[in-house]
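Student: Could you give me a close look at one part of this structure, namely how its helices and aromatic rings pack? Please include the cut-offs behind each term.

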Amino acid sequence: MIVKMTRLDVYAIRSELEKLIRGLLRKKCVQIDDPELRSDYSQLMTKVSRLPDDSVAFESELAKTEAAIKTLSPFIKKGGLFSKKYESDFSVLEDESNIEKALGIVSEVEAAQKKLSDLRSEKNRVSNSISSVSPWVSCDVPLDFTESETVRVLHAILPSESDFTAFSEKFEQEIPQSVIFKISEDSYSKYLLIVFSKSSESAADDILKDFSAVKASFSGFSGLASEVFAQLGIDSDRLDSELETAESEFKALAEKSETLKIGYDCIKLKYELAKARLKTLSTDSSFVFSGWVPEDKQKKISDFLDGFDCYYEFRAPAPDETAPVLMKNGPWAEPFESITEMYGLPSPSGVDPDFLMAPFFFTFFGMMLSDAGYGLILIVASLFAMKKMQLKESAKKFMKLIFYCGISTVIWGAIYGGWFGNLIPSVASTFFGKTVTVPALIDPLTEPVKILVISLIFGAVHLFCGMGIKFYMLCKAGHFWDALFDIGSWYLILLGLGALVLGGIAASIGKIAAIVGAATLILTQGRHEKKFFKKITKGLLSLYDITSYTSDLLSYSRILALGMATGVIATVVNTIATLFGSGIVSAILFIVIFVLGHLLNLAINALGSYVHSSRLQYVEFFGKFYEGGGKPFSPLKPDTKYTFFINKEDN
Amino acid sequence: MIGELLTNGNFLTCLGVAVAVVFSGIGSARGVGIAGEAASGVISEDPDKFGQLLILQALPGTQGIYGFLIGFLIMLFSGIMGGDMNVSTQAGAYALLCALPVGFVGLLSGIAQGRVAAAGVEIVAKRPGELAKAIVSAALVETYAILAFLVSVLILINIQF
């Protein structure tokens with residue numbers, strides 16, 4: 001069922017803005033619309049104004065806090081799949097001190113991070129220096145000794161590709177009073193100390209260039225290379241230990257990450273409120289906003305608004321105001337809402353198909369997965385998740401869906417006689433040498449046609465239900481004759497053709513019904529055309545739609561195929577698992593293959609059953625009547641990310 | 001020699017097993033591969049989407065399973081598994097025939113489904129909330145593999161080995 005929405009207009013005093021919006025958020029059932037959507041927006045804007053956007057500040061706080069949480073996350077101890085988030089409620093989320101504490105930690109994290117990156121770049125610098133100084137350690141000329149009055153002392157690096165002998169010969173030839181000492185060499189370069197007269201500096205430079213040698217510079221260093229090297233080593237060790245302390249600081253900060261997370265959600269709440277305030281239009285002393293309230297929550301909201309100095313009005317939506325869509329169903333159909341939501345919400349004037357869809361999805365899923373053992377696993381897993389995990393509303397809905405699907409799977413598994421495939425007979429014969437048969441109502445491998453017929457009958461009922469909804473929608477909209485001509489005639493044809501199969505008196509009635517239906521189609525389907533010729537051709541062509549009904553119907557044969565696939569794969573797993581005969585080792589092999597094989601089969605086929613049950617709804621069923629395009633109802637309410645919000649009470 | 005083989009029931013049966021498994025397997029391998037390449041591109045940007053994309057990538061894998069199932073069932077029914085295999089020429093020919101639908105439809109639908117799944121990866125990359133629509137689009141292709149599988153099973157069950 002689609003919940004009826006009423007339009008809410010509120011005119012109130014500006015000074016109460018903050019209090020009123022905060023109160024509405026606590027009620028969790030009012031959606032405030034963007035004022036741009038109002039038809040009188042531009043007209044209103046000459047008299048009122050929008051509030052300044054103060055959400056940006058919160059946004060940057062959120063980003064900062066999130067960055068801090070991300071930085072700390074490698075140091076936070078993981079609690080496993082079932083670890084629980086902190087449970088928050090309004091008293092926690094509205095506590096300003098939480099934000100202060102969190103922002104305090106954020107700046108601590110930022111400081112620690114800055115310190116760490118400073119240390120890292122320092123460490124980088126030292127490492128670089130070490131690698132540039134280390135080749136010169138054996139040189140007994142100080143690094144900063146580069147010249148005397150007449151002599152130039154040059155530290156040069158000659159790449160190993162250049163010929164060292166040619167280099168020294170050239171030096172000897174061109175600058176006679178020069179000396180070259182080879183200090184050290186590695187696989188890339190030779191490290192040379194060259195001494196020559198200052199007067200031949202430019203000649204030396206040319207030679208260096210010719211052999212692509214570079215001058216090493218040691219700005220900031222003084223004394224012997226070996227001394228510098230030793231000092232750098234000490235620095236590096238000191239930095240290492242300082243880095244370690246800095247990292248352990250993160251570990252200490254990670255202990256406080258819970259506070260950070262709570263703070264994040266507190267800021268998030270303020271952000272949501274700021275966003276909501278932006279949706280109001282205000283003058284100096286008053287403000288106005290419009291929104292949507294589910295009809296059954298009107299009383300709650302009017303009680304709340306009565307506490308304010310304001311004027312408010314509930315009214316039916318104007319034709320140009322499209323209501324958001326909220327679905328509400330009983331406990332049986334509610335979990336199936338998630339299937340419809342995935343397809344896209346129905347339009348506000350459409351039909352919520354969940355109550356009709358539920359039994360079909362339930363049945364189809366069970367017939368496709370069709371193994372009682374797998375059904376039991378689904379039931380246990382979903383119950384466990386609902387009990388042990390903190391699930392949001394939508395996740396809880398989904399778990400309930402899995403629970404229902406599990407029940408259906410057990411039922412159909414029992415009908416097909418599949419309990420982890422043929423586990424019981426094959427174990428009995430392999431390990432105990434006994435023959436056991438599991439009772440089955442229908443064995444898919446020996447009586448596939450029976451299941452095919454059952455599938456197609458279910459499919460036909462499903463399709464007829466879809467057509468029925470269309471019939472109802474047309475009638476509701478006042479198009480009774482359209483309903484009769486477009487849907488009713490097809491009912492006659494399809495039921496009539498179906499009755500032909502039965503034979504006897506039913507067949508003759510069916511024949512007449514089908515002919516009447518076809519005649520109605522031919523006569524009525526061209527009723528919107530003006531020319532007589534077009535009326536007839538359109539009528540005749542409409543008979544061609546029988547192919548689409550046939551293919552829709554045949555599409556349900558997948559129920560048989562998928563059901564068989566599960567059963568056969570399960571049997572294959574058991575066959576392979578029991579290949580090794582009896583005995584201890586083979587029993588262990590059996591268990592390993594059994595567990596892995598059946599888990600894989602369950603995963604593949606549960607996904608397949610879910611997807612194909614959904615497809616039968618979306619394509620075959622919804623295709624007959626569904627009008628989508630609804631926008632979801634998104635009331636103002638706390639939306640937490642790192643904590644689990646508990647719905648304690650409704651105020 | 002070849003003529004002799006072609007009238008040998010055992011040979012035809014084994015050929016059937018091979019056709020069912022090989023062609024559908026190639027189709028699925030290609031399909032899963034195409035989808036996987038697309039998924040890896042998105043995962044390199046956003047590793048959190050791995051779980052969602054894994055489902056999309058797994059979808060074109062079913063064809064190979066259907067083919068394997070048919071192959072396995074042929075082996076089971078014809079007695080290859082039990083070791084005493086003595087299939088008549090006619091039954092062997094039927095076994096080969098029943099492998100054709102699942103083999104060839106599996107080959108082409110697996111590849112086609114892989115491409116739809118790869119396009120679905122794009123959907124998930126841009127709109128993470130729309131995974132279901134991507135899955136359903138890919139599943140539409142699978143319909144034909146399912147129908148082929150069904151026909152193969154129905155033929156197989158009616159063969160008198």
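Tutor: The account below starts with conventions and then turns to a helix pair, a buried leucine and the aromatic rings.

This is a predicted model, in which local features need pLDDT of at least 70 and side-chain atom pairs count only at pLDDT 80 or more, while totals for chains, interfaces and linings use all residues. Residues are numbered from 1 along each chain as its sequence is written, chains are lettered from A and ligands numbered from 1 in the order in which they are written, and side-chain values use heavy atoms, without hydrogens and water.

Two packed helices are described by the angle between their axes and the distance between the axes. Helix H12 (residues 354–369) and helix H21 (residues 558–577), both of chain A, have axes that come within 6 Å and cross at roughly 40 degrees. H12(A) and H21(A) are therefore oblique to each other (under 35 degrees is roughly parallel, over 145 roughly antiparallel, 65 to 115 roughly perpendicular, the rest oblique). H12(A) contributes Phe364(A), Met367(A), Met368(A) and Leu369(A) to the contact, and H21(A) contributes Arg558(A), Ile559(A), Leu562(A), Gly563(A) and Thr566(A), where contact means heavy atoms within 4.5 Å. These residues divide into 6 nonpolar, 2 polar and 1 charged (Ala, Val, Leu, Ile, Met, Phe, Trp, Tyr, Cys and Pro are nonpolar; Asp, Glu, Lys and Arg are charged; the others, Gly among them, are polar). Helices are DSSP runs of H or I with at least four residues, numbered from the N terminus. The axes are lines fitted to C-alpha atoms over the stretch in contact, with angles from 0 to 180 degrees between N-to-C directions.

Leu369(A) also touches Leu378(A), as does Phe365(A). Leu378(A) lies in helix H13 (residues 372–388) of chain A and counts as buried because its relative accessibility is 12% (buried is under 20%, exposed over 50%, partly exposed in between, with a 1.4 Å probe and protein chains only).

Phe365(A) belongs to a cluster linked by ring pairs, whose members include Trp332(A), Phe361(A) and Tyr610(A). Rings of Phe, Tyr and Trp (its six-membered ring) pair if their centres lie within 6.5 Å; planes under 30 degrees apart are stacked, over 60 edge-to-face and the rest tilted. By this rule there are 45 aromatic pairs over all chains. The pair Phe621(A) and Phe625(A) is edge-to-face because the ring centres are 5.2 Å apart and the planes lie at 75 degrees. Phe621(A) and Phe625(A) are separated by about one helical turn, being 4 residues apart in helix H22 (residues 584–625) of chain A. Phe621(A) is buried at 0% relative accessibility, and Phe625(A) is buried at 3%.

How values were computed
Helices (H or I, at least four residues) and strands (E, at least two) are DSSP runs, numbered from the N terminus. Lists of a residue's contacts leave out its neighbours within four places in sequence.
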